[in-house]
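Subject: A structure for you to explore

Hi,

Here is the structure I promised to pass on to you. Please open it beside this email and follow along as you read.

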Amino acid sequence: MTTPAAQPPLAADATETIETTEPLVSPQRLRDALGRFATGVTIITCLDPEFGRVGLTANSFNALSLDPPLVLWSLRQQSAQLPAFARAEHFVVNVLAGDQLALSRRFASRRDDKFDEGDWLPGEGGAPVLAGCAAVFECETFSRQDAGDHVLFIGHVLALAQTALPPLVYHAGHYHGLGGAL
Ligand SMILES: Cc1cc2nc3c(=O)[nH]c(=O)nc-3n(C[C@H](O)[C@H](O)[C@H](O)COP(=O)(O)O)c2cc1C
């Protein structure tokens with residue numbers, strides 16, 4: 001076994017000026033590269049005692065655990081909807097079908113009549129469930145964790161539904177339908 005060579009200290013003199021250059025992982029480069037990762041599109045909802053029905057378009061949704069059944073997503077710290085999700089005991093993840101593009105645009109906006117379009121019914125904890133989705137996951141909030149400029153939400157799936165409807169797809173800043181199987 002070889003002994004690793006001693007590493008020089010990162011800054012020999014803590015007071016020396018460190019020249020800054022364009023960071024290798026700037027927010028823009030990170031956003032562009034992450035955009036190459038194709039995702040589905042969801043509308044995530046909750047019911048708030050003060051604000052009523054709350055929801056936003058989100059593509060940070062992902063699978064986390066099968067046993068127990070856990071899913072995750074993240075919300076911007078600056079989002080006006082954070083106070084509602086921060087105290088919600090339940091949320092619903094509505095996975096959009098290909099013909100629900102207009103609803104995705106609507107829930108990515110800041111309009112206050114978002115729920116005037118679409119066929120909505122109350123799910124777990126009153127969180128709105130959208131008809132005609134590719135899939136629906138009704139969740140109890142399992143944990144919330146600050147993670148940089150977002151809050152990471154983990155949900156325990158209490159109920160789910162799925163259809164054979166083709167999903168809406170998001171890639172490199174554009175909406176797509178699902179291509180055929182390879
Ligand atoms: C395709 C798509 C995916 C998005 N995914 C997220 C997300 O995962 N998390 C998030 O906080 N915002 C996401 N957004 C932005 C929110 O939908 C948008 O900020 C929000 O609806 C506007 O209200 P707010 O400014 O109060 O957050 C996404 C937008 C689009 C178009």
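**Around the ligand**

The shell around the ligand holds 17 residues, and those that come nearest are Leu56, Ala58, Ser60, Ser79 and Ala80. Two elements, β3 (52–58) and β5 (70–76), each give two or more residues to this shell. Of the elements, β5 gives the most, with four residues. If you sort the shell around the ligand by class, you get nine nonpolar, six polar and two charged residues. Please keep in mind that this is a predicted model.

**The protein as a whole**

Stepping back, you will find three helices and 12 strands in the protein. It has 182 residues, of which 27% count as buried. Now take the contacts in the protein with a separation of 6 or more: 64% of them are between residues 24 or more positions apart.

**β4 and β5**

You have already met β5 at the ligand, where it gives four residues to the shell. Its partner here is β4 (residues 62–65), which runs antiparallel to β5 and is joined to it by three bridges. One pair to look for is Asn62 and its bridge partner in β5, Leu72. A hairpin of four residues leads from β4 to β5.

**A sheet of three strands**

Next, find the open sheet that three strands form in the order β1-β11-β12, with antiparallel pairing. Its edge strands are β1 (39–40) and β12 (174–176), each of which pairs on one side only. Strand β11 (residues 169–171) and β12 run antiparallel and are joined by three bridges. Within this pair, Val169 stands opposite His176 in β12. As a general point to try out on screen, side chains in a regular strand alternate between the two faces of the sheet.

**A closer look at Thr39**

Thr39 is a good residue to practise on, and you can find it in strand β1. Is Thr39 buried, exposed or partly exposed? Thr39 has 17 C-beta neighbours inside 10 Å, so it counts as partly exposed; a buried residue would need 20 or more, and an exposed one would have 12 or fewer.

Which residues does Thr39 touch, leaving out those up to four places away in sequence? They are Asn59 and Tyr170. You can also compare the positions of Thr39 and Leu168: they are 129 residues apart along the chain, and their C-alpha atoms are separated by 8.6 Å.

Enjoy looking around, and write back with any questions.

Best wishes

Conventions:
Residues are numbered from 1 along each chain as its sequence is written. This is a predicted model: local features need pLDDT of at least 70, side-chain atom pairs count only at pLDDT 80 or more; totals for chains, interfaces and linings use all residues. A residue is near a molecule or strand if its C-beta atom, placed from the backbone, lies within 6 Å of it. Ala, Val, Leu, Ile, Met, Phe, Trp, Tyr, Cys and Pro count as nonpolar, Asp, Glu, Lys and Arg as charged, and the others, Gly among them, as polar. Two strands pair if DSSP finds at least two bridges between them. Two residues are in contact if their C-beta atoms, placed from the backbone, lie within 7 Å.
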